[in-house]
Amino acid sequence: MSENKEYKVIGTRPIRHDGVDKVTGRAIYGADFQITGLLHGRVLRSPHAHAKIVSIDTSRAEALPGVKGIVTAQDLPAAEDKMADLGEGAVNLKYLCDNILASDKALYKGHAIAAVAATNPHIAGEACTLLDVEYEVLPPVLEVRQAMEPDAPILHDNIRTSSLGETGEKPSNVASHLQHKKGDIEKGFTEADVVIEREFVTGTVHQGYIEPHNATALYNPDGQLTVWCSTQGAFTVREQLAEILQYPISKIKVVPLEIGGGFGGKINVYIKPVAALLAKKTGKPVKVLMNRADVFEGTGPTPASYLTIKIGATNDGKITAAQTSLAFEAGAYPGSPVGAGAMCVFAPYNIENVLIDGYDVVVNKPKTAPYRAPGATNAAFGTETVIDELAETLNMDPLEIRLKNGAKEGDRRADGPVFPRIGFIETIEAAQEHPHYTSSNGKKHHGRGVASGFWFNIGLESSVTISVNPDGTVNLVEGSTDIGGTRASIAMQAAEVLGIPAESVNPTVVDTNSIGYTAVTGGSRTTYATGYAAYEAAQDVVKQMKARAAKLWDVDEDNIQFADGEFSSINGKEEQISFRDLSAKLSQTGGPVVGRATMNPAGAGGAFATHVVDVAVDEETGKVEILRYTATQDAGKAIHPSYVEGQIQGGVVQGIGWALNEEYIYNDEGEMTNASFLDYRMPTCLDLPMIDAVIVEVPNPGHPYGVRGVGEVPIVPPPAAIANAIYDAIGVRMTELPMSPDRILKALGKI
Amino acid sequence: MVRKLHVQTAINGETVEFLCEPRQSLLEVLRDELHLTGAKEGCNNGNCGACSVILDGRLVNSCLVLGVEIDGKSVETIEGVAEPEKLHPIQDAFLENAALQCGICTPGFIMSAKALLDKNPNPTEHEVRYWLAGNLCRCTGYDKIVRAVLDAASAT
């Protein structure tokens with residue numbers, strides 16, 4: 001496990017196993033699925049942000065030729081107000097069901113009200129316009145501070161604030177209040193020579209995956225429900241379907257097809273239960289596809305937030321105290337990522353005195369969903385901007401103040417955990433030494449900014465089986481849907497153990513009937529945890545193959561060793577056989593060899609990143625241009641460096657979009673006015689330079705090859721790094737996201 | 001029911017006939033009638049480029065073209081880019097450069113890149129970025145895509 005260990009496969013850059021299918025258009029994504037007798041479903045969505053549903057009359061729609069079935073919330077089993085365990089954490093079942101099809105109230109524009117199955121999608125769409133829904137429109141609550149006002153309109157009559165073990169008496173939009181305390185916050189600020197306190201606001205942003213949600217469902221007369229879809233986790237879809245439909249889990253098979261992006265947004269189900277209801281009602285397979293506006297308005301974005309950050313430091317740059325209040329919009333139902341934000345907000349720094357308050361607040365917007373390090377980007381925008389201001393006030397280099405206070409092994413986070421070996425300091429040092437940071441940046445209206453970020457990563461459950469083929473290749477079966485090259489990164493770990501090339505492992509992602517439970521592709525866990533399972537399954541193969549070699553040579557199993565793809569006997573004789581040759585002798589030595597492993601590893605290790613960005617600000621138009629971007633990140637051990645770089649580059653660019661352009665723009669009625677890719681402007685390649693991804697490798701002690709998850713943390717630093725660069729360029733501190741041209745011009749006093 | 005129209009066209013060099021409703025887009029025809037699902041729907045209003053195809057030598061968003069408009073014309077789709085036993089250099093370059101993650105935008109990018117390199121075999125980085133600005137990718141940050149297209153240009 002040493003840092004300098006030579007690997008044969010790990011650290012190389014093989015062509016991904018699913019590559020040819022994906023560059024030839026042959027890979028089958030959710031919407032590509034075809035089946036005989038298919039009907040097409042379409043969902044009617046609420047035009048109002050907040051309204052009581054008085055009545056739904058389906059008679060005109062039913063009369064349209066080609067319409068085969070209509071469902072509403074009446075077709076869902078009556079949901080109890082109880083907590084359902086979905087493996088990823090408990091969720092209130094009533095909220096879960098009401099978000100699929102609204103029962104009594106529409107809580108956001110785009111909230112699903114009813115759905116139609118018809119012989120083609122155009123007829124289903126026409127039928128939706130013939131559904132007569134009577135609403136009683138209510139005033140919407142669209143912003144977290146407004147929602148927290150005592151006289152704000154109430155979304156849910158049953159929500160009482162749950163605060164530190166106490167429950168409030170009156171209905172409130174504040175679903176919960178959490179707190180983390182460390183040390184003595186008052187004492188900490190007294191010890192400080194400089195204290196800076198600022199407020200920050202961030203907008204609602206979407207994951208922006210290019211593939212809309214999709215589902216095809218089929219009910220057989222024997223009660224078997226099959227759902228083909230794209231998802232980050234087939235098993236979590238199965239669990240959600242079982243709870244929402246109150247249907248036995250053993251009668252549900254979820255088949256994950258290729259997935260076109262998710263970033264956290266394809267864990268929750270939306271139209272999958274609707275497709276199932278329509279399939280049951282019509283007796284035919286039903287495909288339901290979202291369009292882009294449905295995706296923006298009907299699926300979970302990541303929350304807008306309001307935060308205050310207060311940090312104190314001594315004149316020599318030692319941070320003595322940090323305090324924050326994080327108020328996150330949960331959307332229509334409780335469950336924002338404020339908890340994760342609270343875990344990450346000050347995590348990069350070893351601070352003795354900390355007080356963190358977090359508030360989960362419902363508003364009339366879509367129920368939020370995870371988005372790449374959910375909560376951490378909002379929080380870091382505040383923290384990393386204030387740290388920049390502290391460095392400036394103390395006349396310190398912004399990387400130096402981070403180096404001085406950066407968390408190391410043994411330091412305790414304010415929310416409890418003690419860091420194992422982590423590589424934060426190494427990412428700062430890599431940034432300091434990078435030619436980008438050592439270059440000059442003195443042009444007028446040009447600025448440089450830095451910021452760091454943390455994400456905790458997760459482990460969770462994974463299962464892998466590996467069967468040995470007679471030609472010395474193996475088939476690897478896994479349950480982790482491949483969203484960005486994980487067939488390769490998982491297969492490579494098995495190949496390393498078996499001493500065979502990456503190309504000799506055939507990885508396949510299978511349905512929920514064909515592999516043991518595997519949690520979502522999320523939390524930066526897949527290469528870590530499913531890769532760990534592949535490592536263990538390969539070890540199981542080696543163990544069984546050793547027994548075969550022992551049988552072949554009639555020696556004791558303990559006398560067989562395996563190294564560099566060769567089995568050999570260690571009892572004096574010169575017997576040796578390659579993995580490939582032994583694979584051809586399995587029939588003679590006892591039959592097939594299938595290795596297996598299930599894992600639930602706890603040592604995901606934390607991920608840290610430090611970014612450097614140069615910008616140019618056009619003071620006439622307010623436009624910010626990214627001139628150069630360097631991202632250093634501790635990957636633990638990069639299994640396939642190209643795909644690690646890809647995660648870093650992709651995360652950075654999502655962060656740039658969040659920083660500069662992206663937000664849900666609402667009118668007073670609570671309608672999103674920019675629900676298209678034209679108006680919700682994600683970065684194009686013309687907006688960007690190359691992104692220099694610098695991989696730092698500080699092995700994670702919780703993985704046999706030292707892997708840390710890499711997917712999420714790269715989105716965390718960009719908004720703060722860019723804000724700090726804008727300040728360097730034009731001398732104005734930006735405290736609201738996105739830092740779009742109009743906000744830049746306002747900050748400059750030009751409009 | 002809407003009366004369907006007869007269309008005769010050439011797709012990837014093969015003569016193809018189909019019936020379609022006047023309201024059906026070329027993207028819908030390719031995917032639902034002809035089962036050529038390599039072109040993807042990301043937005044259905046011409047903003048993401050995932051449905052890019054080449055129509056009579058010109059790059060188009062197939063979601064913005066009607067199926068009936070291709071009568072007598074010639075369409076190239078992602079399914080026709082590779083030879084039976086050999087990928088196109090752009091496809092090879094995408095694989096070598098790890099220029100895809102989820103892969104949903106990849107067919108569109110490859111068609112756009114092909115349309116560019118067919119016209120301009122030696123583009124600069126800026127020309128590549130300008131030409132590909134109609135294709136959205138949310139996974140890669142574009143770095144490796146731009147490198148792949150530049151590599152493919154130097155390989156051909």
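In this predicted model, 15 residues of domain 1 of chain A are in contact with 13 residues of domain 3 of chain A. On the side of domain 1 that touches domain 3, the elements giving two or more residues are α7 (234-245) and β15 (252-256) of chain A. The residues on that side of domain 1 divide into seven nonpolar, five polar and three charged. The centres of domain 1 and domain 3 of chain A, taken over C-alpha atoms, are separated by 40 Å.

These two domains belong to a wider division of the chain. The domain assignment of chain A gives domain 1 as 33-138 + 211-260 + 266-298, domain 2 as 305-457 + 605-747, and domain 3 as 460-599. In the sequence, the residues of domain 3, 460-599, thus fall between the two segments of domain 2, 305-457 and 605-747.

The overall form of chain A can be considered next. Its secondary structure comes to 20 helices and 30 strands. Taken along the principal axes, the C-alpha atoms of chain A fill a box of roughly 85 × 75 × 50 Å. For a compact globule of 751 residues, a radius of gyration near 27 Å would be expected, and the value for chain A, 27 Å, agrees with this. Buried residues account for 61% of the 751 residues in chain A. Among the contacts in chain A with a separation of 6 or more, 80% are between residues 24 or more positions apart.

Chain A also meets a second chain. Here 42 residues of chain A are in contact with 44 residues of chain B. Two elements of chain A, α1 (19-23) and α18 (641-660), give two or more residues to the side of chain A that touches chain B. Of the elements on this side, α18(A) gives the most, with seven residues. By character, the residues on the side of chain A that touches chain B divide into 20 nonpolar, 17 polar and five charged.

Within chain B, helix α1 (residues 26-33) is mostly covered, with six of its eight residues buried. The buried residues of α1(B) are B:Leu26, B:Leu27, B:Glu28, B:Val29, B:Leu30 and B:Arg31. Strand β2 (14-20) of chain B is included in what covers these buried residues. After α1(B) comes B:His35, whose phi is positive, near 60°.

Strand β2 of chain B also belongs to a sheet. This open sheet of five strands has the order β2-β1-β5-β3-β4 (chain B), and its pairing is mixed. Because β2 and β4 (58-61) of chain B stand at the edges, each with a single partner strand, one side of each is left without a neighbour in the sheet. From one strand to the next, the twist averages 40°.

Further inside this order, strand β3 (residues 52-55) and strand β5 (residues 74-76) of chain B run antiparallel and are joined by two bridges. The bridge partner of B:Leu55 in β5(B) is B:Val75. Helix α3 (residues 106-119) of chain B packs on the sheet, where it touches β3 and β4 of chain B. The direction of α3(B) makes about 35° with that of β3(B).

Note on methods:
Residues are numbered from 1 along each chain as its sequence is written. Chains are lettered from A and ligands numbered from 1 in the order in which they are written. This is a predicted model: local features need pLDDT of at least 70, side-chain atom pairs count only at pLDDT 80 or more; totals for chains, interfaces and linings use all residues. Two residues are in contact if their C-beta atoms, placed from the backbone, lie within 7 Å. Helices (H or I, at least four residues) and strands (E, at least two) are DSSP runs, numbered from the N terminus. Ala, Val, Leu, Ile, Met, Phe, Trp, Tyr, Cys and Pro count as nonpolar, Asp, Glu, Lys and Arg as charged, and the others, Gly among them, as polar. The radius of gyration is taken over C-alpha atoms; the globule rule is 2.2 Å times the number of residues to the power 0.38. A residue is buried if 20 or more other C-beta atoms lie within 10 Å of its own, exposed if 12 or fewer, and partly exposed in between; C-beta atoms are placed from the backbone. Domain bounds come from an automatic or database domain assignment. Two strands pair if DSSP finds at least two bridges between them. Axes are lines fitted to C-alpha atoms, for helices over the stretch in contact, and angles run from 0 to 180 degrees between N-to-C directions.
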